[in-house]
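Visitor: I would love a close look at one part of this model, the charged pairs in chain A and what lies around them. Could you walk me through it?

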Amino acid sequence: MNRRNFIKGSLAGGLAVAATAKTEKADAAAGTFGGYADSMGVLVDLTKCVGCRTCEAACNKEQGLPEPDKPFDDYSVFDEHRHGGLPRRTTEKEYTIVNRYEVEGREKPLYRKFQCNHCNEPACLTSCFVNAYTKTPEGAVIYNPKVCVGCRTCMIACPFYVPTYSYSSAINPVVKKCIMCYDTRLKFGRPPACVEACPQGVMTFGKRKDLISLAHKMIDAKPGKYVNHVYGETEVGGTSWMYLSDVPFEEIGFNTHLGPQPIINYVKDFLAIVPMVLTIWPALFTGFHLLATRKQANKDESNKA
Amino acid sequence: MSLKRGKLIGLAAIIAMASPFTQPLNAVGEVFELSSLSNLYEGVSFDHDMHIEAASDNCAACHHHTAGTPTQDPNCIPCHKNSGEAESAACSSCHEAEPFTSANLEKTANTPYLHHKEKPGLMAALHQNCLGCHSEVGGPLGCQDCHTMTDKGEKYYNTGKYAPKPGKETGHH
Ligand code: SF4
Ligand code: SF4
Ligand code: SF4
């Protein structure tokens, strides 16, 4: 066995181990799971949002988040942008954000509330190698901060760029995101705080399957009012939070190229790298050791000859 | 909307979850206090006469099919063309103050009436109706044009005397 072949061999070995681990985990966590049949969800009717930011205030209080940078009735936040002109996103102190979109041909701007979509088969969950995440039967995707090691894999895996990190502790940065008010409300059958606080009734809380049929009835009842698509019904295997809009979703910051497959199916290759790093090192070190001894053995042999 | 104090004290009818207003016809000529949100805000005084005038006596503009004038909504007409005046035309007699209790979720899921499935809760019904019309006719639209925030409200919105101190802004990543 020459050196190149040997290294190829040990790499393949490492990959095989990683792949096996990944498949088992994917089966258990996602696979053909498709979501809990009776899970709850939220239907967000974006046409009704007036951008009052009450939902942001409600979330801040319910989740005991730090004081905001600006008052929740300060609408200058809609003019704020991140680097590269991107709209505001969720942060470790804001689990939900409302953004304003000026849409050509629409009389008024459209406001879009945004938070974790609580995927049926969450990429954050399947990508997490310490199993910090749980998808509860009620529909929420929650996490255990005690288990989180702050590796940020979920942040990269999430198709909606939701999880962020708390940097308040430099030693142990921990994931932060919307938990659908699981601990304080959802668990007890109550709607999330933001849903209940919204003065416009933008969000409807209910069983996910009821919301899907409601959404299609609403589209059918008022032809021309809504775009004929329920965002989140099929995207990345379906999400608990779904959206209705009167303008094409791609014009208001939604990724419309995600497809109906759970994100894990696309990023498997990338995600395999994380456990691979852990599994490949022993194999590599063994390889180096063997190489070194073999070299020595060869030397001895040639000396003999 | 300014508070018409004299009128309000004598005639205030409270539309709230605790005391649903049930006699719609007597509502003509009154100023209501809408107080279902009175936690974060003071009650809102609502001049019914002024709004009847603004709607040119077309009760259906706000009350759908329940107040005697026929509905014009094509989705309601098939069932409610001749249904006449309802026992109560108060918003709160149909729109639930807490729309998402498990009992209400069940009711909504099982209702045979297609267009009642998307019936908003009380707070949403009021705001959708008010803001919908106000944005068409140029009525007040800002939250505090109608609502006066309470101390609790200022705390909730981190505003007024609870506003964050300037200068500690961290911005977005
Ligand atoms: S939206 Fe992102 S963070 Fe939320 S459940 Fe889906 S993958 Fe996880
Ligand atoms: S569901 Fe709860 S945690 Fe999530 S955005 Fe709404 S209030 Fe915040
Ligand atoms: S509370 Fe409702 S209307 Fe106000 S910004 Fe949030 S979703 Fe929009």
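Guide: Happily! Let us start at R185(A), a buried residue whose relative accessible area is 8% in this predicted model. Its partner is E62(A), and the two side chains form a salt bridge with an N to O distance of 3.2 Å. E62(A) belongs to helix α2 of chain A, while R185(A) sits in the loop between β7 (174-176) and α5 (193-197), so this pair ties together parts that are 123 residues apart in sequence. The two ends differ in setting: E62(A) has 24% relative accessibility and therefore counts as partly exposed, whereas R185(A), at 8%, is buried.

Helix α2 also takes part in another pairing. There, E56(A) meets R88(A) in a salt bridge, at 2.8 Å from N to O. R88(A) lies in the loop between α2 (54-62) and β2 (97-101) of chain A and E56(A) in helix α2, so the bridge links parts that are 32 residues apart in sequence. Both R88(A) and E56(A) are buried. These two residues are also members of a network, in which salt bridges with shared partners join R53(A), E56(A), R88(A) and E94(A).

R53(A) brings us to a ligand. Ligand 3 has 13 residues around it, and R53(A) is among those that come nearest, along with C49(A), C52(A), C55(A) and C198(A). By class, that shell holds 9 nonpolar, 3 polar and 1 charged residues.

One more pair deserves a stop: D45(A) and K48(A) form a salt bridge, with their closest N and O atoms 3.2 Å apart. Both of these residues are buried. Over all chains, the count comes to 16 salt bridges.

Now for the contact with chain B. Across the interface of chain A and chain B there are 0 salt bridges, although 8 residue pairs are in polar contact there, both residues being at pLDDT 80 or more. Helix α2 turns up here too: α2, α5, β8 (203-207) and α6 (208-221) are the elements of chain A that give two or more residues to the side touching chain B. That side of chain A divides into 19 nonpolar, 8 polar and 18 charged residues. In all, the contact takes 45 residues from chain A and 32 residues from chain B. The two chains bury about 3100 Å² between them, with 57% of it on carbon and sulfur atoms. E67(A), D69(A) and Q200(A) supply 17% of the area that chain A buries against chain B, more than any other three residues.

Terms used. Residues are numbered from 1 along each chain as its sequence is written. Chains are lettered from A and ligands numbered from 1 in the order in which they are written. This is a predicted model: local features need pLDDT of at least 70, side-chain atom pairs count only at pLDDT 80 or more; totals for chains, interfaces and linings use all residues. Side-chain values use heavy atoms; hydrogens and water are left out. A residue is near a molecule or strand if one of its heavy atoms lies within 4 Å of it. Ala, Val, Leu, Ile, Met, Phe, Trp, Tyr, Cys and Pro count as nonpolar, Asp, Glu, Lys and Arg as charged, and the others, Gly among them, as polar. A salt bridge is a side-chain nitrogen of Lys or Arg within 4 Å of a carboxyl oxygen of Asp or Glu. Buried means under 20% relative accessible area, exposed over 50%, partly exposed in between (1.4 Å probe, protein chains only). Helices (H or I, at least four residues) and strands (E, at least two) are DSSP runs, numbered from the N terminus. Contact means heavy atoms within 4.5 Å. Buried area is the accessible area (1.4 Å probe) that two parts lose on being put together, summed over both. A polar contact is a pair of N or O atoms within 3.5 Å; within protein, one must be able to donate a hydrogen and the other to accept it, and residues adjacent in sequence count only if both atoms are side-chain atoms.
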